[in-house]
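Work through the exercises below with the structure open beside you. Try each task before you read its solution.

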Amino acid sequence: MLYLLKIVKIMRPKAAIIGSGIAGIAIAIRLVRMGYDVDLYEKNNYTGGKIYEFRNDGFRFDTGPSLFTLPELVDELFTLCGENASLCFNYQKLENTCRYFFEDGTVINAWSDINRFAEEISEKLGEDPQHLFRYLKESGKLYDICSKVFIFSPFQHITRLLKIENIPLILRLFQFDAHKSLHERNRSSFQSPNLVQIFDHFAVHVGSNPYQVPAMLKVIPSIEYNHGTYYPEKGMYSIVKTLTELAQRHGVNLHLNTPVEKVMTRDDHVSGIRVQGEELAYDVVVNDTDIYSFYKQQLIEYPIPESISHPRRSSSAIIFYWGIDDQFDQTDLHNYFFAKSYKEEFDCIFEQKTISDDPSIYLYVSSKRLPGDAPIGCENWFVMVNAPSNYGQDWVNLINRTREAVIRKLNRILNTDIQPHIRFERILNPEDIEKTTGSWQGSIYGNSSDCAYTTFYRHPNFHRRISNLYFTGGSVHPGGGIPLCLASAKIVANEILREWTSYAPK
């Protein structure tokens with residue numbers, strides 16, 4: 001018996017991770033700390049997936065996510081490895097979460113201090129501060145329920161979901177206007193159309209339409225306002241870089257420029273993967289790539305589940321990376337310029353599969369916090385417009401038309417002429433997003449969350465038929481964005497540990 005135990009100790013289980021997005025890196029760290037030999041495979045020559053950076057002409061740009069919330073989920077990975085996160089990764093809470101610009105000339109600062117934010121909307125919009133306090137209190141209660149029942153739990157395990165202690169929480173969900181859209185809920189909560197628009201725009205955080213998503217998505221503001229918005233001292237890509245270094249320090253084997261061709265199975269059980277024509281044996285495989293693309297490319301023998309065959313995809317984006325040879329005091333780190341008709345904008349994206357002539361614009365300027373991200377006297381502008389997924393549209397025409405509309409809008413609201421100040425330009429469109437990240441049709445968040453079913457019933461973190469095949473990342477449960485991707489990695493680690501201990505000798 002002692003001999004057998006020594007063999008088990010020596011023969012460490014092997015895990016393959018497909019894709020090195022932030023969820024892939026996180027699950028690699030968790031598994032190596034659980035005693036697995038871990039190989040992390042990435043088709044690109046860099047880690048991070050949608051979180052990346054590039055430099056040109058003295059400017060540095062983050063290419064993807066720019067919002068950092070729930071930083072404790074990153075800290076937790078360092079603690080798990082017995083390290084102090086503050087020694088190599090630091091961040092600061094933002095005083096202003098976002099600056100909002102409206103066509104009527106109103107400018108609203110969403111201060112992280114809720115009392116200050118309430119004063120702002122009272123002075124500039126005539127909104128009763130109690131409306132904001134009440135809304136965020138409800139949002140916080142909803143987050144408490146969702147974080148326990150959905151965000152950090154494998155929701156598709158219905159037997160675990162219906163545990164006695166969860167029943168009261170699930171029943172309380174119906175108190176939060178499950179039958180209303182987010183826009184309807186916001187319109188009944190606030191008097192000011194501008195404030196309604198501010199809280200409608202949180203649907204964009206999951207690539208969806210506020211006029212169709214369920215009101216329960218008002219949980220998202222709680223993450224920003226009740227828990228805070230932060231910024232890493234070395235920029236967004238430093239999150240990926242420090243986690244990649246952490247993973248490698250603790251034994252994760254990183255394979256860049258190495259796409260996985262196929263997941264191998266035997267009798268509905270994972271047997272390994274095929275890489276560069278060679279079949280490699282693994283005990284566990286975790287996919288961190290777009291779930292639809294994964295079924296189409298690496299798991300073609302199995303049918304695509306209903307939960308991802310939903311025809312409505314989340315929105316994509318057109319992003320202009322502009323090196324600006326001037327500085328603008330009117331703007332902050334995060335800025336949002338609203339369309340005059342928000343409904344028309346979303347109708348264009350989701351119904352007509354095009355872009356409005358008056359699009360909303362998200363402007364992120366990291367050099368506001370990190371002066372070294374741009375030459376002296378300059379700024380690096382990440383200018384994003386929501387776009388439909390790629391259905392074969394004429395993107396050259398759409399990009400040109402959108403660029404003109406963006407410049408007109410920024411000129412009008414900022415009272416400037418931005419064109420002469422664009423010293424450098426790079427453009428990213430849905431076709432590019434699909435090619436570089438593997439996101440099907442360039443949709444950033446997978447399926448759209450346009451109803452309660454698709455909001456809360458995403459692809460599970462495990463395969464229902466194939467044992468030891470798991471899923472992380474923004475296209476599966478619990479959803480997209482850095483904190484939810486890290487939550488998916490934590491769910492998968494707990495599932496693997498549960499399966500491992502259930503078969504271990506007693």
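Short exercises on this predicted model follow, each with a worked solution.

**Exercise 1. The chain as a whole**

Task: State how many helices and strands the chain has, and what share of its residues count as buried.

Solution:
- Step 1. Start with the secondary structure. The chain has 17 helices and 20 strands.
- Step 2. Turn to burial. Of the 506 residues, 59% count as buried.
- Step 3. Add the contacts. Take those with a separation of 6 or more. Residues 24 or more positions apart account for 71% of them.

**Exercise 2. Cysteines**

Task: Decide whether Cys81 and Cys348 are buried or exposed, and find how many disulfides the structure holds.

Solution:
- Step 1. Recall the cut-off: buried means under 20% relative accessible area.
- Step 2. Apply it to Cys81. Its relative accessibility is 6%, so Cys81 counts as buried.
- Step 3. Apply it to Cys348. The relative accessible area is 7%, so Cys348 is buried.
- Step 4. Recall what a disulfide is: a covalent bond between the sulfur atoms of two cysteines.
- Step 5. Look for such pairs. The structure holds zero disulfides.

**Exercise 3. The nonpolar cores**

Task: Find which residues have the most contacts inside the largest nonpolar core, and which helix gives the most to it.

Solution:
- Step 1. Keep the background in mind. In soluble globular proteins, nonpolar side chains tend to be buried together.
- Step 2. Size the core. The largest nonpolar core has 110 residues.
- Step 3. Pick out its best-connected members. Tyr100, Phe199, Tyr225 and Leu243 have the most contacts inside this core.
- Step 4. Find the main contributor. Helix 5, residues 129-151, gives the most, with 10 residues.
- Step 5. Zoom in on Tyr225. Leave out residues up to four places away in sequence. Tyr225 then touches ten listed partners, among them Tyr100, Ile114, Phe117, Leu136 and Phe199.
- Step 6. Look elsewhere. A second, separate core has 24 residues, including Ala387, Leu398, Ile407 and Leu414.

**Exercise 4. A cavity**

Task: Describe the second largest cavity by its volume and its lining.

Solution:
- Step 1. Set the scene. Three cavities of 30 Å³ or more are present.
- Step 2. Give the volume. The second largest cavity holds about 50 Å³ of space.
- Step 3. Walk along its lining. Arg313, Ser314 and Ser315 are among the lining residues, as are Ile349, Phe350 and Lys353. Ala387, Pro388, Ser389 and Tyr391 also line this cavity.
- Step 4. Sort the lining by type. Five residues are nonpolar, three polar and two charged.
- Step 5. Link back to Exercise 3. Ala387 lines this cavity and is included in the second core.

**Exercise 5. Two prolines**

Task: Place Pro71 and Pro478 in the chain, then find which peptide bond is cis at Pro478.

Solution:
- Step 1. Locate Pro71. This residue lies in the loop between strand 5 (68-69) and helix 3 (72-80).
- Step 2. Check burial. Pro71 has a relative accessible area of 3%, so Pro71 is buried.
- Step 3. List its partners. Not counting residues up to four places away in sequence, Pro71 touches Tyr91 and Tyr230.
- Step 4. Gauge a distance. Pro71 and Gln92 are 21 residues apart along the chain, and their C-alpha atoms are separated by 9.8 Å.
- Step 5. Locate Pro478. The loop between strand 20 (469-471) and helix 17 (482-503) holds this residue.
- Step 6. Read the bond. The peptide bond from His477 to Pro478 is cis, with omega near 5 degrees.

**Exercise 6. Positive phi**

Task: For Asn415 and Gln441, give phi and say whether each residue is buried or exposed.

Solution:
- Step 1. Take Asn415. Its phi is positive, about 55 degrees, although Asn415 is not a glycine.
- Step 2. Place Asn415. The residue sits in the loop between helix 14 (395-414) and strand 19 (422-428).
- Step 3. Judge exposure. Exposed means over 50%. Asn415 has 71% relative accessibility, so Asn415 counts as exposed.
- Step 4. Take Gln441. Its phi is near 60 degrees, also a positive value in a residue other than glycine.
- Step 5. Place Gln441. The residue is in the loop between helix 15 (430-437) and helix 16 (452-456).
- Step 6. Judge exposure again. At a relative accessible area of 17%, Gln441 is buried.

How values were computed: Residues numbered from 1 in each chain as written. Predicted model: local features only at pLDDT ≥ 70, side-chain atom pairs only at ≥ 80, totals over all residues. Heavy atoms only, no water. Disulfide = S-S within 2.5 Å. Buried < 20%, exposed > 50% of the residue type's maximum accessible area, 1.4 Å probe, protein only. Core = buried A, V, L, I, M, F, W, Y, C linked by side-chain atoms within 4.5 Å. Helix = DSSP H or I, 4+ residues; strand = E, 2+ residues; numbered from the N terminus. Contact = heavy atoms within 4.5 Å. 1 Å grid on protein atoms, 1.4 Å probe; cavity = no way out; pocket = protein on both sides within 12 Å on 5 of 7 lines; lining within 4 Å. Points joined across faces, edges and corners; volume = space filled by probe spheres on them. Nonpolar A, V, L, I, M, F, W, Y, C, P; charged D, E, K, R; others polar.
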